[in-house]
Amino acid sequence: TGEEMFAGFRNSYGEFMYFDKYADFWIKDESGVKFVELQRGDDRAFFMPNPEYMPGNLTGYAYSVRCIMDYITDERDRQTYRTVKIGDQVWTAENMNYKTEYSHCFNDSLDYCEKYGRLYKWSIAKEEACPSGWHLPSKEELEKLINTVGGEETAGDSLKTKTGWKTYSAASGLSAKGVGEDSFGFSALPGGFRTYNGDVWYSDEDAVAYFCSSTTVDNGEGSYYMVLNWAHSNAEIISGQYACSVRCIKD
């Protein structure tokens, strides 16, 4: 633990107490415990309020707060993924990396799977990419996400990570910043895509993100995708036949 954590607390009379001696953190617990207290020089943790030392009514007290990120564990291979709630949808906040037939690492390199997750053929992604209790989003669910974060024109900036995207050089005379703002914690990374028709090739690592949907086009050849681009602030829905990144949405 860092020395900076012993911030003390503020009592109901507005008095600041025990700076550099106590560290008290609010917790959520159905048993009635309201906070946990650490004391400098003591290896124990005290779960409070303790009737011997203080009343159960903590109105007016102010303690420190630490937050924990929500995760899921894919029981198929025990990999874990951050999750995030955006509006009334709950998404995985990392690209899926569960190995299936017709899933690929960019340029067939495992290093890219570690960085971006796998690229899934559209017909496989719907059936095999997501763990139990989660599913590949439909075109409509992707459109709802785009609208929730501000609409097509700015959704790219809202969903893209703050680092990892290609940027224009100053010499180009162009002003697009490349990276996003990650305003909602979706943390979209530019994993590129892989083709399946004709010559097979990988493209646009660090420049685009293609996210699969479960909705196929009318002729059944390919599906719809949400696409984010390094050079633009928008998000768009397109159709095609690509191996793409997968984000799952909770059932």
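These exercises, with worked solutions, treat a sheet, a buried serine and the disulfides of a predicted model.

**Exercise 1. The sheet**

Task: Find the order of the strands in the open sheet, and work out which strands stand at the edges.

Solution:
- Step 1. Read the order. It runs S9-S10-S17-S12-S13, and the five strands pair in the antiparallel sense.
- Step 2. Look for strands with a single partner. These are S9 (103-104) and S13 (202-203), so each has one side without a neighbour in the sheet.
- Step 3. Zoom in on one pair. S10 (residues 119-121) and S17 (residues 242-244) are joined by two bridges. In one of the contacts between these strands, Lys121 has Ala243 of S17 as its bridge partner.
- Step 4. Add the helix. H2 (residues 122-129) lies across S10 and S17, and runs at about 105° to S10.

**Exercise 2. A serine in a helix**

Task: Decide whether Ser158 is buried or exposed, and list its contacts beyond four places in sequence.

Solution:
- Step 1. Locate the residue. Ser158 belongs to helix H4 (residues 152-159).
- Step 2. Apply the cut-off. Buried means under 20% relative accessible area. Ser158 has 8%, so Ser158 is buried.
- Step 3. List the contacts. With neighbours within four places in sequence set aside, Ser158 touches Val149, Asp182, Ser183 and Phe184.

**Exercise 3. The disulfides**

Task: Pair the cysteines of the three disulfides, and give the pattern of the bonded cysteines along the chain.

Solution:
- Step 1. Recall the bond. A disulfide is a covalent bond between the sulfur atoms of two cysteines.
- Step 2. Take Cys105 and Cys113. Their S to S distance is 2.0 Å. The link is left-handed, with -105° about the S-S bond. Cys105 is buried at 5%, and Cys113 is buried at 4%.
- Step 3. Take Cys130 and Cys248, with S to S at 2.1 Å. The torsion about their S-S bond is about -95°, so this disulfide is left-handed. The pair links distant parts of the chain, 118 residues apart. Cys130 sits in the loop between H2 and strand S11, and Cys248 in the loop between S17 and strand S18.
- Step 4. Take Cys212 and Cys244, whose sulfur atoms are 1.6 Å apart. The torsion about their S-S bond is about 95°, so this disulfide is right-handed. Cys212 lies in strand S14 and Cys244 in strand S17, 32 residues apart.
- Step 5. Count the bonded cysteines along the chain. The pattern is 1-2, 3-6, 4-5.

Definitions and conventions:
Residues are numbered from 1 along each chain as its sequence is written. This is a predicted model: local features need pLDDT of at least 70, side-chain atom pairs count only at pLDDT 80 or more; totals for chains, interfaces and linings use all residues. Side-chain values use heavy atoms; hydrogens and water are left out. Two strands pair if DSSP finds at least two bridges between them. Helices (H or I, at least four residues) and strands (E, at least two) are DSSP runs, numbered from the N terminus. Contact means heavy atoms within 4.5 Å. Axes are lines fitted to C-alpha atoms, for helices over the stretch in contact, and angles run from 0 to 180 degrees between N-to-C directions. Buried means under 20% relative accessible area, exposed over 50%, partly exposed in between (1.4 Å probe, protein chains only). A disulfide is a pair of cysteine sulfur atoms within 2.5 Å.
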